[in-house]
Amino acid sequence: MLSQVRWLRVVIGAFAIEACLMAMVPLIPVLGQDLMLKVVAPIACVVVPFVVAFVATRPLPAARALHGLLMGVVATVIYFVLVAGASSIAEASASYGLPLFLGVNALRIVSAAAGGYFADRRAVPSAA
């Protein structure tokens with residue numbers, strides 16, 4: 001199954017997910033940190049990975065859900081690397097609250113996998 005994975009597409013999709021989510025950082029002073037962390041970020045962690053995975057996996061011939069899942073996992077790893085480089089994961093989990101921090105990161109993975117799954121469901125079956 002992993003032989004079907006197009007890793008470049010997975011990595012580019014993961015970077016696209018994180019770039020879209022990081023583009024929301026300038027909104028923190030406008031919306032306030034509490035609203036941003038407790039409302040906007042969780043909603044964005046559902047919508048953005050779903051849309052990016054859906055769009056990125058549609059041209060693939062097979063294993064779309066797997067590609068979406070891998071995009072979500074790689075995007076989460078990228079996020080952890082960015083957070084560890086900027087401050088620490090403990091500080092990030094303290095600002096969100098541990099349950100919300102774990103939930104938001106799980107949402108990123110599940111949403112990306114769902115995007116790939118729905119791309120697979122919307123694919124036109126081959127006429128073979």
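**Notes on an all-helix model**

1. Let me start at a loop: alanine 23 sits between helix 1 and helix 2 (28-31); helices here are DSSP runs of H or I with at least four residues, strands are E runs of at least two, and both are numbered from the N terminus. Alanine 23 is exposed, at 51% relative accessible area, where exposed means over 50%, buried under 20% and partly exposed in between (1.4 Å probe, protein chains only). Its C-alpha lies 22 Å from that of alanine 90, with the two positions 67 residues apart in sequence.

2. Some housekeeping. This is a predicted model, in which local features need pLDDT of at least 70 and side-chain atom pairs count only at pLDDT 80 or more, while totals for chains, interfaces and linings use all residues. Residues are numbered from 1 along each chain as its sequence is written, and side-chain values use heavy atoms, leaving out hydrogens and water.

3. On the fold: the protein has six helices and zero strands, so read from the N terminus the order is α-α-α-α-α-α. The C-alpha atoms fill a box of roughly 55 × 25 × 25 Å along the principal axes. The radius of gyration is 16 Å, which agrees with the value near 14 Å for a compact globule of 128 residues; this is taken over C-alpha atoms, and the globule rule is 2.2 Å times the number of residues to the power 0.38.

4. On burial and packing: 38% of the 128 residues count as buried. Take the contacts (heavy atoms within 4.5 Å) between residues at least 6 apart in sequence: 79% of them join residues at least 24 apart.

5. The surface comes to about 7,200 Å², with carbon and sulfur atoms supplying 73% of it; the areas are from the Shrake-Rupley method with a 1.4 Å probe, and for residues only the protein chains shown count as cover. There are 8 positive and 4 negative side chains, and the centres of the two sets are 18 Å apart. Lys and Arg count as positive, Asp and Glu as negative, with His and the chain ends not counted; each charge is placed at NZ of Lys, CZ of Arg, CG of Asp or CD of Glu.

6. The largest nonpolar core (buried Ala, Val, Leu, Ile, Met, Phe, Trp, Tyr and Cys residues joined through side-chain atoms within 4.5 Å) has 28 residues, and Ile17, Leu21, Met71, Tyr79 and Tyr96 have the most contacts inside it. Helix 1 (7-22), helix 3 (33-57), helix 4 (64-86), helix 5 (89-96) and helix 6 (98-122) each supply at least two core residues. Helix 3 gives the most, with nine. Beyond its neighbours within four places in sequence, leucine 21 contacts Ala44, Cys45, Val48 and Arg108.

7. Asparagine 105, in helix 6, is worth a look: it is buried, with a relative accessible area of 6%. Leaving out residues up to four places away in sequence, asparagine 105 touches Thr76, Tyr79 and Phe80.

8. Please check alanine 63, in the loop between helix 3 and helix 4. Its phi is positive, about 60 degrees, although it is not a glycine. Most residues other than glycine have a negative phi. Alanine 63 counts as buried, at 15% relative accessibility.

9. Last, serine 95 in helix 5 is partly exposed at 31% relative accessibility. Not counting residues up to four places away in sequence, serine 95 touches Gln33, Leu37 and Lys38. The C-alpha atoms of serine 95 and alanine 113 are separated by 27 Å, at 18 residues apart along the chain.
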